[in-house]
Amino acid sequence: MIETEQATQAPRATGRIHLDKQGPAAYQALVKAADTVRTTAAEAGLDRILVELVNLRVSQLNGCAFCLDVHTRAALRAGESARRLGVLAAWRDTELFTPGERAALALAEATTHPADALAQERAYAEAREVLDDGEISAVIWVAITINAFNRVSILSKHPVRETPGHRTGLDPRS
């Protein structure tokens, strides 16, 4: 009986759908929100490098290869060093990041893992010492937004492909 039921059902696609293509209006709303957040971050005084560090750290935590690729290139274009990008995953163990960057990274991590109430309290306390309300709000909005894009890309399995002639990936034009 089971074999007959399975044989009469239409075959299901096994590949992932690209959510951005399947729901373009929803995706465009997300892009518009990201544009608004980018403006909010700039108005709060966050520089582009800090925004990209937050995007990268959240994407590292979520394991989003596509967003890591996009935002590594954006960070390099903004003037970030390959050295700091290389140690970003272990930012707490280096002296390469400013107190403001450290506070923003802790806040981004707490936003990405909101169930860790203790980490949230510590991150807010650290942020309060070096960031104003506008900066704190902007960092959280940047983290919320990249978390949403991470989920779109992860669930869509957006590919990261080699760019001919740019094998190292360190060329900011790639």
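In this predicted model, the sulfur of C67 lies 3.4 Å from the closest cysteine sulfur, which belongs to C64, and this separation is too far for a bond. A disulfide is a covalent bond between the sulfur atoms of two cysteines. Because a pair of cysteine sulfur atoms must lie within 2.5 Å to be counted as a disulfide, the distance of 3.4 Å between C67 and C64 is too far, and the structure accordingly holds 0 disulfides. Viewed from the other partner, C64 is in no disulfide, with the sulfur of C67 as its nearest cysteine sulfur. Both cysteines are nevertheless shielded, in that C64 is buried with a relative accessible area of 1%, while C67 is buried with a relative accessible area of 5%.

C67 is also one of the buried residues of helix α5, a group that further comprises H71, A74, A75 and L76. Helix α5 spans residues 65-78 and has 14 residues, and the 20 Å from its first C-alpha to its last is close to the 20 Å expected at 1.5 Å a residue. An α-helix has 3.6 residues a turn, so residues three or four places apart point the same way. The buried residues of α5 are covered by parts of the chain that include α4 (48-62), α6 (82-87) and α9. After α5 comes G79, whose phi is positive, near 110°.

Helix α4 contains N62, whose side chain makes a polar contact with the side chain of N147 at 2.8 Å. Leaving aside residues up to four places away in sequence, N62 touches T112, N147, N150, R151 and I154.

Among aromatic side chains, the count comes to 1 aromatic pair. This pair is formed by Y27 and F149 and is edge-to-face, with 5.9 Å from centre to centre and 90° between the planes. Because Y27 lies in helix α3 (residues 24-43) and F149 in helix α9 (residues 133-156), the pair ties together parts that are 122 residues apart in sequence. The two partners are described separately with respect to accessibility: Y27 counts as partly exposed at 23% relative accessibility, whereas F149, at 14%, counts as buried.

As regards confidence, the chain averages a pLDDT of 90, and 86% of the residues score at least 70. Over residues 1-8, however, the pLDDT is below 50, and this stretch has 0 contacts in the model beyond near neighbours in sequence. The pLDDT is likewise below 50 over residues 170-174, a stretch for which the model contains 10 contacts beyond near neighbours in sequence.

Definitions and conventions: Residues numbered from 1 in each chain as written. Predicted model: local features only at pLDDT ≥ 70, side-chain atom pairs only at ≥ 80, totals over all residues. Heavy atoms only, no water. Phe/Tyr/Trp six-rings, centres within 6.5 Å; stacked < 30°, edge-to-face > 60°. Helix = DSSP H or I, 4+ residues; strand = E, 2+ residues; numbered from the N terminus. Buried < 20%, exposed > 50% of the residue type's maximum accessible area, 1.4 Å probe, protein only. Expected span 1.5 Å × (residues − 1). Contact = heavy atoms within 4.5 Å. pLDDT = per-residue confidence, 0-100. Polar contact = N/O pair within 3.5 Å; in protein donor to acceptor, adjacent residues only side chain to side chain.
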